[in-house]
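Let's practise reading a protein model step by step. Try each exercise yourself before you look at the worked solution.

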Amino acid sequence: MEEKTLKDMKEEEIRKMEKKTLKDMKEKEEKEEEMRKLELMLSNIEIKGLSNETLDGIKCMTLYTDIYIVATDSNQVFNAKMYSKYKEFHNDYLNDIVLPHLRLHHGEFLLKEFETSWAHYSKVIHNRLHLYFRYLGRYYVAREKLLNLNDVGNRCFIDLLYEEMRSRVMDAVICLINKERDGAKIDRELVKKVVNVFEELKLYEDIFEERIVAGTKDYYSKKASLWISENSCPEFMLKVEECLEKEENMVRDCMKPATEQKIVSEVEHKLLVLHSTQLFDKEYSGLKKLLEDGKVVDLARMYRLYSRVHDGLQHVCLAFKNHVTAQGMALVRQTEIEVNKHVVKNDVGALQNQQVHLIMEFIKLHEVYLSYVNDYFQSNSMFFKVLKEAFEVFCNKSIAGVSPAELLSIFCDQTLKKKSCDNDKSTEDTIDDVVKLLVYISDKDMFAEFHRKKLARRLLFNKSDSDEHERYLLTKLKQKCGRHFTSKMEGMVTDLTLCQDTTASFTDYLRDNPDMNPGFDLTVTVLTIGFWPSYKTCTFNLPPEMLRCVEAFKQFYQTRTKRTRITWLFSLGTCTIVGKFEPKTMDLIVTTLQASVLLLFNSANRLSYSDIKDQLDLPEEDVTRLLHSLSCAKYKILKKEPDTKTISKTDYFEFNSMFTDRLKRIKVPFPLVDDRKKVIETVVSDRRHAIEAAIVRIMKFRKVLGHHQLMSECAEVLSSTFRPDFKIIKLQIESLISRDYLERDSKDHSVYRYLA
Amino acid sequence: MERIDQLFHAYMDKSLGMVGPEGIESFCLAVGIDHTDVRILMLAWKMQAEKQGYFTLDEWRRGLSALHADTILKIRKRLQELEKEVMRPTNFLDFYVYAFCYSLAEKQKNIDIESACELLTVVLGFRFPLQVSKFIEYLKSQNDYKVINLDQWTSFLRFCNEINFPSLDNYDAELAWPLILDNFVEWMRENL
């Protein structure tokens, strides 16, 4: 029994195994059958047919179903195969249809073909395929994190057509763009479409933009060399401006905004930067010539163009500066020559005219070039700065030994003396111009001193046209240079105003005290010391008539204030004397001193030089000058023996009873002493004090300071008034050292220490 | 100390109570140097003598004891060493400044040009002969300065030490050199 069972068992097992194997084999067969079926189905999915526009619905359904079946099969092997099949379909299409088509065409046609191929590919083919393979995408692709079906389409396109796009397609685009640049009309819509393709492929920056910019570079490199040699500077700039406009226009129309800057800067670089030297240095039309000829439109264009480029305006600015400086220096030189002619001939009037003329020319020059900066250089601060620097160069040049500060004061003097009816510019405008020029002059204190002297003259001899104008100038000066600059001058003007008050009181006094009345019309101007320039006082013997006047006023003034002391300046007074000449009685307007001389002849008919000198008790040079003005000049009120042109101590003088003139009232001129040197001396000495004060102030604050710093701080502090000579500063430092205000540091000799 | 005092009394001017100009002259004769020799100036420096031409007892003592000399013979010997001592850079400046102050008249702060030239020759002549002779030439030919002050005096030594002569190529007028030296350099350059 056991044998049988064992055998049976074995047989059963074997039979079971056999059954199983059979079953497995069958399953395997079935599986393989299925696989084969699926494979067959896959290979049957004809994509070629998809390139046709219409596809009947049944075929679509069939396709979709087939794919679905394959995708849902539990055997995942097929998914991978299907994915690669999907890619394959794309590549086949591209290789078999798209590429050959592209290769057939060139130029604009290529672009059209390119655009349409893509359109068809991406919208028709790809979308369809995607549709069918959607199930695959949703599950398999997502799960395996593969490149999703959408992107596969793009990817295939890019992989296969990259080189094609980069070279042939872009060449065609560039060619087209260049045609437009050359002036032809092109199909911009096409360009836009191509741009879109690249954008959709996300290759805009890499391929399109890069090649377009490179193309722009090439184009303008060539054009630049050509144009620069063929065209004058203005012509060239005009072309550049046009190009820039066109490029901007084109880019804005067809391409992405970011590209604009890149293209424009290439154009700017090639046209403006690379050849700038050549452009500016053009002999007959370059920058220098444009400035000389005043070609403002071209200059404005140049400014506009070069303000786009980094540091582009340096050259223009420098050329402008040099030009203005040259103009100014030319004026200076010209005036110097003219002036020297007049100096030789000793023609003082013409000399002054030239000097005044120069200032007027400076003012005109300033107006012109200020308008340049404002109108053509868009009020650029760099240009303001160089304008200032240029003016500072030539506005500080002396003409035949006369400093510009003095020239300006002469001009000012004339302006304020003139009746304000002539020419088109109002006095106030001229005053504004004067102050503008003063800013450029470094020796402002020199101007102040000269002005003060001339102001005094104008105020005292009533030559000023208008009080308002004087005040206006002072206000402007105060604004520009500070209160200390004008304080004295303002004091002077105030003194004059107060005088009216004093005169009224004096008149009242005389009315109330008739015995004090000297019997003559007397006007006294009281000047406050310190405001007015210092005048030489001279004591001399007053004629009795004048003595009475002086006494009267003295008495009056003492009633007003006991404390103030008055000193008489006879050299500044004027007097109207009635001359009873035989032909007719005349009024003579003379200075007080001249009057004194004449009054001597009331008691004696004939006097010698020494007589006159003794009686008046004046220094010789004054006596000589007085007598000269009365006997040898224009009006010979006195007869001189001998009748020579100069005064000598042995001369005799007689009253000229036959003297007459056409007019009834004449002014006998008395020439002024040239006190220019004195003014300059005053200023120089004031400067020494100012420098010393500045040094002490600085050192007191700093306690310890190095040489260079002290020098430069000193110069800076004083810069609003004058430009100090470094030698003088050094001198003052040494003077302070020797007076023990400062000492040198024992270790470092270039460091100073303040000694309290 | 005794002998130092004795020596003092030997040369002292009895009416003054200190060694006067004649005393110094005889002293120099004894030591064997000229009374305009720089070494007497060096001795004065060692003494820190205040008034030119006179030595007080204290000063005399100070100087001679510093010299470790109490006889004429010893003084003579020590003078040579003294010279070397003075020549050392650390001492020389002190000596140089002292020479100026010593030469000042009563209540004065400056030395007139003539005396300054003489003093320069004595004090610096052997060390910087070229600079000194040129500078003296300049000082005598110009009119801007009538006196020399201490600052100018000290700066001149610094000038001799630092500036190449006669090329003057490393002189920079923009630095803190006194104006007189700026003018001197300018004069040198013009008269080359």
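**Exercise 1. Find how many disulfides there are over all chains, then look at the cysteines C101(B) and C156(A).**

Solution. Keep in mind that this is a predicted model.
- Step 1: A disulfide is a covalent bond between the sulfur atoms of two cysteines.
- Step 2: For the count, the two sulfur atoms must be within 2.5 Å. By this rule there are zero disulfides over all chains.
- Step 3: Check C101(B) as an example. Its nearest cysteine sulfur belongs to C160(B) and is 18 Å away, so C101(B) is in no disulfide, given the 2.5 Å cut-off.
- Step 4: Now look at accessibility. C101(B) has a relative accessible area of 36%, so this residue is partly exposed. C156(A) has a relative accessible area of 6%, so this one is buried.

**Exercise 2. Describe how helices α19 and α26 of chain A cross, and which residues make the contact.**

Solution. Start with the axes and finish with the side chains.
- Step 1: Helix α19(A) covers residues 444-460 and helix α26(A) covers residues 676-702. Their axes come within 10 Å and cross at roughly 135 degrees.
- Step 2: Because of that angle, α19(A) is oblique to α26(A).
- Step 3: The crossing of α19(A) past α26(A) is right-handed.
- Step 4: From α19(A), the contact uses D445(A), M446(A), E449(A), F450(A) and K453(A). From α26(A), it uses R676(A), K678(A), V679(A), I680(A), T682(A), V683(A) and R687(A).
- Step 5: Sorted by class, this contact has five nonpolar, one polar and six charged residues.

**Exercise 3. Is D298(A) buried or exposed, and which residues does it touch?**

Solution. Locate the residue, then look around it.
- Step 1: D298(A) sits in helix α13 of chain A, which runs over residues 296-306.
- Step 2: Its relative accessible area is 12%, so D298(A) is buried.
- Step 3: Leaving out residues up to four places away in sequence, D298(A) touches P234(A), M237(A) and L290(A).
- Step 4: Compare a residue elsewhere in the chain: L474(A) is 176 residues from D298(A) in sequence, and their C-alpha atoms are 41 Å apart.

**Exercise 4. Where are the cis peptide bonds before P642(A) and P166(B), and where do D311(A) and D740(A) show a positive phi?**

Solution. Begin with what is usual.
- Step 1: Most residues other than glycine have a negative phi, and most peptide bonds are trans.
- Step 2: E641(A) and P642(A) are joined by a cis peptide bond with omega about -5 degrees. P642(A) lies in the loop between β4 and β5 of chain A.
- Step 3: F165(B) and P166(B) are also joined by a cis peptide bond, with omega about 0 degrees. P166(B) lies in the loop between α9 and α10 of chain B.
- Step 4: D311(A), not a glycine, has a positive phi of about 60 degrees and lies in the loop between α13 and α14 of chain A.
- Step 5: D740(A) has a positive phi near 60 degrees. D740(A) is in the loop between α28 and β8 of chain A, and is partly exposed, with a relative accessible area of 47%.

**Exercise 5. Describe chain B as a whole: how many helices and strands are there?**

Solution.
- Step 1: Chain B has 10 helices and four strands.
- Step 2: Its C-alpha trace spans about 60 × 30 × 25 Å along the principal axes.
- Step 3: Of its 192 residues, 48% are buried.

How values were computed:
Residues numbered from 1 in each chain as written. Chains lettered and ligands numbered in written order. Predicted model: local features only at pLDDT ≥ 70, side-chain atom pairs only at ≥ 80, totals over all residues. Heavy atoms only, no water. Axes fitted to C-alpha atoms, helices over the stretch in contact; angles between N-to-C directions. Helix = DSSP H or I, 4+ residues; strand = E, 2+ residues; numbered from the N terminus. Parallel < 35°, antiparallel > 145°, perpendicular 65-115°, else oblique. Left-handed = near helix turned anticlockwise from the far one by under 90°. Contact = heavy atoms within 4.5 Å. Nonpolar A, V, L, I, M, F, W, Y, C, P; charged D, E, K, R; others polar. Buried < 20%, exposed > 50% of the residue type's maximum accessible area, 1.4 Å probe, protein only.
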